[in-house]
Amino acid sequence: MFHRFFHGPRRSLPLYKRHAIHLEEKEFTESLEENLKDLKKALGDPADLVWRRLEDGKETAAVVLYFETLVDSDLLGRQVIEPLNRRLQETKEPLDAGSLIKALTFPKVLTITHLHQAVERLLTGDVLLLPAGARIILSLPLLGVPRRQVEEAPTEKGIKGPREGFTETITDNIGLIRRYIKDPNLRLEKMIIGERTKTEVALVYLNDLANPDVVAEARKRLEQIEIDGILESNYLAELISDRRWTIFPLVQETERPDKVAAAILEGRVVIFVDRSPFTIIVPVTSNELYQSQVDFYYNPFVATMLRLTRALGTIIAVTLPGLYLSFISVNPELFPRMFIQLEASSRIQVPLPAALEMLITFFAFEVLRESSIRFPAGLNLIIGVGGGIVMGLAAINAGLVSGITVAVVVFCILGTFNTSNPAKEQAWRWVRYLLFAAGAAFGFMGVVATGILVLAHMAGLKSFGVSYLAPWAPPLPVDMADAPVRLPWWSSYRRPPTYRPREEDRLGETEGEK
Amino acid sequence: MLKEKTGIGPGLFFMVLYVSIFGYGIIHAPRVAAEYIGPNGYWGFILAFILSIPVMAGIAWLGRRFPNHSVIEYLPRLFGVFIGKVLGLLLLLAILVLMLRTSRIFSGGVNIFFLRRTPAWASAAFFLLVSLYIARQGIEGITRLAAFVFPLTFVLSFLAILFSMKHVELDNIRPVFFFESGLAVAAGTANLFSPFMVLLTALMVNPYLTEKEKGFPTMTGAAALGSLLILLTIVSGIGNYGAEGILRYSFPVFELSRKAQLPFVQQSFALLFSATWLSQVLVATGFFYFLLAEGAAQWLQVLNFKWFTLLLLPPVFFLNLFPIGVVGERTISSYLRVGSSLFTVGLVLALVIVAIFRRAGVQKGVS
């Protein structure tokens, strides 16, 4: 328990569990019935498993085996059952593996020799074809589960730029990237992670750009993972992060293919996870999470203004509650003179201490925010906005909270969404409450000291060896120029050195780098 | 684990030194200059800076001579085990005293200006815990933190000092070249040299430096920039209040920053200046705490700095509060300042001389 608390979940499964998951590596025999018996034993004969025997008049020539809940039945009928039946009726010769493949005209056929491989393929949605008298089995990918169409990413919408977002299907997602980057150096390494879920994970990078150390490290960290299931990309994100005890995201997750393509072109490494529309990009810096892909689709001046708004908005949204509270409750002498009368008159009827008043207001808005996610789509806006306005006004009129407090809270809750990354927004939510508590206890100096504490924590973080505070710390002037300001494309001829790509020059080799 | 790099470059070294010199040096500098030398007390600080140059040269030379060792490690090689260990302990005690003194000043200032109703132990404990957390980030984390706070704190401090000069009366800083006694200037210089004790940390940071040949320019640059701001503060402080007037204030720099007004918003710079100063002091305290813990681990040759940050917390906290009412801080602060100045110069001088005579360390042309 002690180990588990401090070091997180065990990475390797206990041996007794491994036996339950791993199947015996048994070779198929020439006896069809024996092979079928083995498969039945391994799978436990579930209700959705279909066995279809293909007869050549006298005896079973082959058996088709599939999960009806996983395969595309129409395609199976048209491309497998129908041609095979035709073949069996036309010629009376026995069916062997070679003639089966010829009869099928199927684009991709895998030949399987072992039981565990067959079970694995069957569970991923393949159709197995067991010819009589052969020591092999043919596997045909005919996955037919419903797929979501490519739609705009709901968490990263933009006014300009492509409207595509990733879906839950890894092949579709990789295809979207291949449409952006038509470079033979684009490498794709696939692996299966999750003892029970067998989740497909793909490592994608540009071979001549990505730092080989980062690629090797990403590969190593993925290979080391031993877990029963990966249901979403965050499972991997947590397991491959450099530090576990942190509220800040140490990998970048995105739903936008254009952002992923841009990251690959910067020499970063991308990890796709099947069944998740979120893709992981490593390494990442705090600065990166303030840059939206949309910045690059605007004029540099407009994009710069957007970046500054985003950064300043977040800083104010995170620090304002703590500062406001410290000014009105601990250090009133520091409150800007022009606001004193306004503040005093608005709080005159409020019976609660400032800290409690603010905490209750924050809590009410957090509840509203959380419940609005679960409202039916049509009611979301009406109940969310209407409820917020009605509740806020009622609380002010009743004298429970002051108008300024509500304004501060609403601004802060909206302001944290300035971050172009949802995980970072959640981290700032935490920091906001930390600064709030420090402001309540130690006033202005408490907010400053806690701010430094948070920065110290960030300064100690690394993402795949890259400082989380780069390019500010350590200072990298080339990247620094492109942080608050969006440099025009004609001057951005170098890739960000923060990520240490093999080639810094965007168009060609940088001298002395190879 | 993939390492970004093994050590700190000149940029990070520059920033942590600047932040430490400025944070630890600025708060009482105008008062001390006026107290010992008078209206032209800024000369004392200029002389102190000039004196720091050979000290920095000595430290840089020692860094090249013992590239992979901290001073705690090579002291026994130069002076023998016993004396080396004693000197190492003295250095650690000096760093501890420096840290405690500034923490006390800092806690006192905060309690006077910002947290009047908060018990001293509570604010001291809070700031000490923040420093401890900073120290536990290790040298890379601390220097990165210094680099991150540097741009904003530098600009705000500079603007605060600049705007405070609006009310400087030239008569207050005259006569420029007349000194009542050479002894007063010497005493002032010795007192004003104390912020440069921070340079001794370079002897301990040395193994982490990636480009040791840039040690001297980096140190000189950081010291010059920090000194420039401190010098401007001295000039502004004496110029605003006069040499006698400034002695009325316990924290003249805070008072000075109150005089500086933010244009258009009718608000003084005091808030911003105190925030920047607090940030820098916390980073510097975290840095010294780290060096203390790392030095203790090297001196005792057990555990590591992370353990010692925790082990040192109770004594540091106790000593941080203990002198209140037991020892008059004003009484001993002058001795501490002069003592730290003499220790800084004396230790570097002794190390250089002994290293030359014993031909210790890496020598040019000798394999």
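How far apart do the C-alpha centres of domain 1 of chain A and domain 3 of chain A lie? They lie 57 Å apart, so let's start there.

Before you click, two notes. This is a predicted model, in which local features need pLDDT of at least 70, side-chain atom pairs count only at pLDDT 80 or more, and totals for chains, interfaces and linings use all residues. Residues are numbered from 1 along each chain as its sequence is written, while chains are lettered from A and ligands numbered from 1 in the order in which they are written.

**Stop 1: chain A, whole**

Select chain A and colour it by domain: domain 1 is 2-141, domain 2 is 170-284 and domain 3 is 296-463 (the bounds come from an automatic or database domain assignment). Along the principal axes, its C-alpha trace spans about 100 × 60 × 50 Å. Switch to cartoon and you can look for 17 helices and twelve strands; here helices (H or I, at least four residues) and strands (E, at least two) are DSSP runs, numbered from the N terminus. Of the 514 residues in chain A, 39% are buried, meaning that 20 or more other C-beta atoms, placed from the backbone, lie within 10 Å of the residue's own.

**Stop 2: strand β10 of chain A**

Now zoom in on residues 279-282 of chain A, which are strand β10. T279(A) and I281(A) point one way, I280(A) and V282(A) the other, and all are buried. Add residues 252-254 of chain A: this is β8, antiparallel to β10(A) over three bridges (strands pair if DSSP finds at least two bridges between them). T254(A) has T279(A) as its bridge partner. Next add β9, residues 269-273 of chain A, which also runs antiparallel to β10(A), joined by three bridges. Here I271(A) is partnered with I280(A). β9(A) and β10(A) make a hairpin with five residues between them, and in the turn R275(A) has a positive phi of about 75 degrees.

**Stop 3: the cores**

Stay on β9(A) and pick V270(A). Leaving out residues up to four places away in sequence, V270(A) touches V204(A), Y205(A), V260(A), A263(A), I264(A), T279(A), I280(A) and I281(A); contact means C-beta atoms, placed from the backbone, within 7 Å. V270(A) is also among the members of the largest nonpolar core, 209 residues, that touch the most other members, along with A449(A), A33(B), L145(B), L199(B) and V283(B). Domain 2 and domain 3 of chain A both contribute residues, so this core lies between them. A second, separate core has 29 residues, including L32(A), L115(A), L130(A) and I137(A). (A nonpolar core is a set of buried Ala, Val, Leu, Ile, Met, Phe, Trp, Tyr and Cys residues joined through C-beta atoms within 7 Å.)

**Stop 4: chain B**

Show chain B and find its 15 helices and two strands. Its C-alpha atoms fill a box of roughly 60 × 45 × 40 Å along the principal axes. Buried residues make up 52% of the 367 in chain B. Among contacts in chain B between residues at least 6 apart in sequence, 82% join residues at least 24 apart.

**Stop 5: where the chains meet**

Finally, show both chains. The contact takes 30 residues from chain A and 32 from chain B. On chain B, select α1 (10-25), α6 (120-135), α7 (138-164) and α12 (270-300), each of which supplies at least two residues of the side touching chain A. The largest share, seven residues, comes from α12(B).

Methods: Contact = placed C-beta atoms within 7 Å. Buried ≥ 20, exposed ≤ 12 C-beta atoms within 10 Å, placed from the backbone.
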